[in-house]
Amino acid sequence: MTALSLLTATGISKRFGGVHALSDVDFTINHGEIYGLIGPNGAGKTSLFNVLTGIYEADGGTFNFDGEPLDRLKPNQVAERGIARTFQNIRLFQNLSALENVMIGRHVRTHAGVIGAILRDKATLAEEAAIEKRAYELLDYVGVAKRANDQARHLAYGDQRRLEIARALATEPKLLALDEPAAGMNATETQTLKALLENIRHDGTTILLIEHDMKLVMNVCDRVLVLDYGKKIAEGSAREVQNDPKVVAAYLGGEILLNLKGA
Amino acid sequence: MSRRKKAIPPKAWIGVALIALALALLPFVAAIAGQAWVRILNFAMLYIMLALGLNIVVGFAGLLDLGYIAFYAVGAYVYALLASPHFGLHLPFWIILPLGAGIACLFGVLLGAPTLKLRGDYLAIVTLGFGEIIRIFMNNLNAPINITNGPQGINLIDPFHIGTLSLGRADTLLGIQFSGPQKYYYVLLLITIGVIVINLRLQNSRLGRAWEAIREDEIAAKAMGINTRNVKLLAFAMGASFGGIAGGIFSATQQFVSPESFGLFESVIVLAMVVLGGMGHIPGVILGAVLLTLLPEVLRSTMEPLQHALFGRVYVDAEIIRLLVFGIALVAIMLYRPAGLWPSAVRKRELETAITK
């Protein structure tokens, strides 16, 4: 393991009854890269996310994150260690405002408790002000600042996806794990998203990206991991992966290959 | 908040002064209709405290609690046992009330801990059982050692008193006659305002947001780093402690407690106040509590005279009409205002940090 690596997964396995959602998956994500995770539907991408973020417990294998193991941590502890995620089926706090959504993301990096809330002492007030300021900055960063006071559920689909990213960024992650952020976006929105991802990486956050939009993956990812039936079938640069015959086969008869070459 | 404190306009001050004056005069206005109405006002404030406490659990954190009245019972019995001839203890109220709140808080954690993984219907069933367990304990803890005096309840409970000043009897101050309930009114008013302020501050805090996050989406809340176990336990504990305070005051004003006062129906009524007023919205919950306390009393006192005036005799017992109208009103409100009478709007924040950059 080199000092370059931020996250190292070794032999990750997860079973649901008789189904091997993940078998013996190894990979390494380096500091400051955008690491793609692709594969056909049901390949185990989201399962891998859920195991990584503590929503499921792995049946085997270990993650080593930033020099320390991540084993058996609860989701909130994983977030505290510095991995933030978004969800494939957007899970915002629907009835709260966009700003409050992001403010909740600050929870894990702030401290005020019951006494502070009731007494509103100087430290608590300062912390609240800082939370609000940072939340607003993040909304601005992802480009939904105008909707700060609107309920999350009233935001356009693309804005909801970006709001989810802002909320995840509010936890100050070292690794940002995005589950299909471009799903349902049109070409323009995807372009904006690509720029946003590059900004995030430029500002020092490593990104793990599940995505079906191959054009986006091939354009933005430094390296790509391909899963099929829970197994790693390829890993490497976008170019290496798209020429891998196993990958082509996994995506049924090479259809994807044409798409990739077109990209 | 970082937003600059805007100078409060004079109009607002006049408004606040008028409300304060109205609240100060209210017990005397009510006394014209009879001291019973002052007592009803006091009950309304007790129910405001209970409803706000339950609102933390149900409205903020989204955990359905059908046994909330158990904490009210705990607070009431703590007061009754420590300030009555039953054990010969007569501690002052300013010790017992916080103690009652603390013990109720402990019971809140006791209920919260095993139910952390339950949601919705399942949580409702467990909390319902918990409420009944507490009531049945109160009913049966008179043997082998007599702790609660069983179904007979505890009698001759001390009223609030400071030195020789007792809130239990009438006094004349500055030439004005204050009845017992009127004096309690002012104490209750102070405590209620305190409870409201605490609730407002809790809601608009890091913790309040964490509660709301759990209500909205527990998995997302966890993934955002919220320790849902601790935050939920805190919701139960805080909610319960307000119930405990209300229970202590109930004991002191009634000077008598028995397990009968803490049945399931009471839990349901408090929950109805929260749901009807507007879950999670503090002004709405207060409105719900006031309406559901006053409405039955108004119906009770008007239905018989009304029948006399209309038909010359009483056909239906006032008590029956009261429950009937009450039930119809609840159904109607839920049909036409399913989010409650006064539901919460999205909180707008003024962003001085924003845009001005």
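This is a short dialogue on reading a few features of a two-chain predicted model.

Me: Before we start, which conventions apply here?

Reply: This is a predicted model, where local features need pLDDT of at least 70 and side-chain atom pairs count only at pLDDT 80 or more, while totals for chains, interfaces and linings use all residues. Residues are numbered from 1 along each chain as its sequence is written, and chains are lettered from A and ligands numbered from 1 in the order in which they are written.

Me: How many residues does the largest nonpolar core have?

Reply: A nonpolar core is a set of buried Ala, Val, Leu, Ile, Met, Phe, Trp, Tyr and Cys residues joined through C-beta atoms within 7 Å. Buried means that 20 or more other C-beta atoms lie within 10 Å of the residue's own, exposed means 12 or fewer, and partly exposed is in between, with C-beta atoms placed from the backbone. Here the largest core has 175 residues, and L139(A) and A51(B) have the most contacts inside it. Helix α2 (residues 35-60) of chain B gives the most to this core, with 17 residues; helices (H or I, at least four residues) and strands (E, at least two) are DSSP runs, numbered from the N terminus.

Me: Is helix α9 of chain B largely enclosed or exposed?

Reply: Largely enclosed by the rest of the structure, because 22 of the 27 residues of α9(B) are buried. After this helix comes Q255(B), with a positive phi near 60°.

Me: Which elements of chain A touch chain B?

Reply: Two residues are in contact if their C-beta atoms, placed from the backbone, lie within 7 Å. By that test, 40 residues of chain A meet 33 residues of chain B. Elements α2 (75-81), α3 (98-105), α4 (114-119) and α5 (122-142) of chain A each supply at least two residues of that side of chain A, and α5(A) has the largest share, six residues.

Me: And what should I look for in the backbone angles?

Reply: Most residues other than glycine have a negative phi, and most peptide bonds are trans. In this model, E172(A) has a positive phi near 55° and sits in the loop between α6 (157-169) and β7 (175-179) of chain A. E172(A) is partly exposed, with 17 other C-beta atoms within 10 Å. Y229(A) also has a positive phi, near 50°, and lies in the loop between β9 (223-228) and β10 (231-236) of chain A.

Me: Where is there a cis peptide bond?

Reply: Between A143(B) and P144(B), with omega about 0°. P144(B) belongs to the loop between α5 (120-140) and β3 (161-162) of chain B.
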